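Visitor: I would like a close look at one part of this model, a place where two helices pack, followed outward into its surroundings. Please take it slowly and keep the reasoning visible.

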Amino acid sequence: MKRRDFLAASAASSLVAMTGKAFAQAGPLTKIIFPFAAGGSGDLLCRQLAQYLPALLDRNFIVENRTGGDGLIGIRAVKGANPDGTTILMTTGPTMYLLPMVENQPSFDSAKDFVPVSQLTRFEFAVVASPAIEVKDFKGLAAWLKANPGKATYGTPGSGNIPHFTGWQLEQALGLSMTKVPYRGSALMVNDLIAGHLPFGITTVSDTITQHRAGGLRILAVASETRSSFLPDIPTLKESGVNLVADGWYGMWLPAGSSPDFAKKLSTAVAEVLAKPDVKEKLLAVMLIPVGSTPEQLTQRLAADHAFWQPIVKATGYKITN
């Protein structure tokens, strides 16, 4: 065996031994099921929690990316899990309240099938324009769309999500009929914006801020209640004349039947992790704004967003098949 191969094997063996010892010391193994792919900001959030929670809760945590069905596969897995504290769901708030609205046969009830733990972080959405249309702000975009109705097209990262329904609201606010082009994620949409194949799109600030700063595209407005701390010079849609607010966030839930006391204990531990300076720094670097909340506050946020978006989703008539 070559020396470098031997060293690598020795290091791996040591890691396995250390991991085994850590698992033994930490008590029960708890899975954080994240219903989306590894590598993104939400996955980073999961792994930060899995790293720091063991020291606070005397149990180890691992992250399992259970992808598929726009989040449904992972959500269903937690819904059917044993409510013994060994399975946790971490997903976006919009996934929890929008999916039951757009399914023909809702496969879960966010309020009945899960025990709330905490709202973890929030993130922001933006309206972004291609440099090809040479508009400087949202009002300029609105004027361009009205002057070019045949080119009134916008992109979204998928369908049945906040960008989709925000686009529909913009159509109503501007009195325009526009064509939505759903992409499989933001990356392809951003490429088409840069290339001038698409006049504008709606997606997260985190997916567009790098190109905005580099001049590859232009963020015209953010959809949050107040200006983004990441883009203090960019106005909100409300400031731009459209009374529209759309925020995204991540939350944590347990299966129905789980102990409320454990949910509260977990919520307190999560808030402590999110307050750590190094964790905050890593999350803010990917445009996730730490929140941390009580289970009761998460329940209130979910109910408020459900009430706000339900009539909008119903008005669009959009449905997916199970």
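**A helix pair and its surroundings**

Guide: In this predicted model, Leu 44, Leu 45, Gln 48 and Tyr 52 of helix H2 are in contact with Asp 278, Val 279, Lys 282 and Leu 283 of helix H10. Sorted by character, the residues of this contact comprise five nonpolar, one polar and two charged. The two helices, H2 spanning residues 41–57 and H10 spanning residues 277–285, pack at an angle of about 170°, and their axes lie 10 Å apart. Because angles over 145 degrees count as roughly antiparallel, H2 is described as roughly antiparallel to H10.

Each of these helices is followed by a loop that holds a residue with an unusual backbone angle. As background, most residues other than glycine have a negative phi. Asp 58, in the loop between H2 and strand E2 (60–65), has a phi near 55°, a positive value in a residue that is not glycine. Met 287, in the loop between H10 and strand E10 (289–290), likewise is not a glycine and has a positive phi of about 65°. Their surroundings can be set side by side: Asp 58 has a relative accessibility of 52% and so counts as exposed, whereas Met 287, with a relative accessible area of 11%, is buried.

From the helix pair one can turn to the interior. Leu 49 is listed, together with Phe 138, Leu 170, Phe 200 and Leu 266, as touching the most other members of the largest nonpolar core, which has 78 residues. Strand E4 contributes the most to this core, giving eight residues. Phe 200 illustrates how such a residue is surrounded: leaving aside residues up to four places away in sequence, its contacts include Val 127, Val 128 and Ala 129, as well as Leu 141, Leu 145, Leu 170, Met 178 and Leu 193. Another core, of 17 residues, lies apart from the largest one, and among its members are Ala 126, Leu 193, Phe 230 and Ile 289. In general terms, nonpolar side chains in soluble globular proteins tend to be buried together.

Strand E4, residues 114–129, is also one of the elements against which the buried residues of helix H4 pack, and the others are helix H3 (72–79), strand E3 (87–92), helix H6 (162–174), strand E9 (247–255) and helix H11 (295–316). Since 10 of the 10 residues of H4 (residues 93–102) are buried, this helix is largely enclosed by the rest of the structure. Its buried residues include Pro 94, Met 96, Tyr 97, Leu 98 and Leu 99.

Aromatic side chains add a further layer, for the structure holds nine aromatic pairs. In one of them, the ring centres of Phe 34 and Phe 36 are 5.6 Å apart and the planes stand at 70°, so the pair is edge-to-face. The two partners differ in accessibility: Phe 34 is buried at 2% relative accessible area, while Phe 36, at 26%, counts as partly exposed. Phe 108 and Phe 114 form another edge-to-face pair, with 6.1 Å from centre to centre and 85° between the planes. Here Phe 108 is buried with a relative accessible area of 4%, and Phe 114 is buried with one of 3%. Finally, Phe 34 and Phe 36 belong with Phe 123, Phe 125 and Tyr 250 to one aromatic cluster.

How values were computed: Residues are numbered from 1 along each chain as its sequence is written. This is a predicted model: local features need pLDDT of at least 70, side-chain atom pairs count only at pLDDT 80 or more; totals for chains, interfaces and linings use all residues. Side-chain values use heavy atoms; hydrogens and water are left out. Axes are lines fitted to C-alpha atoms, for helices over the stretch in contact, and angles run from 0 to 180 degrees between N-to-C directions. Helices (H or I, at least four residues) and strands (E, at least two) are DSSP runs, numbered from the N terminus. Angles under 35 degrees count as roughly parallel, over 145 as roughly antiparallel, 65 to 115 as roughly perpendicular and the rest as oblique. Contact means heavy atoms within 4.5 Å. Ala, Val, Leu, Ile, Met, Phe, Trp, Tyr, Cys and Pro count as nonpolar, Asp, Glu, Lys and Arg as charged, and the others, Gly among them, as polar. Buried means under 20% relative accessible area, exposed over 50%, partly exposed in between (1.4 Å probe, protein chains only). Rings of Phe, Tyr and Trp (its six-membered ring) pair if their centres lie within 6.5 Å; planes under 30 degrees apart count as stacked, over 60 as edge-to-face and the rest as tilted. A nonpolar core is a set of buried Ala, Val, Leu, Ile, Met, Phe, Trp, Tyr and Cys residues joined through side-chain atoms within 4.5 Å.
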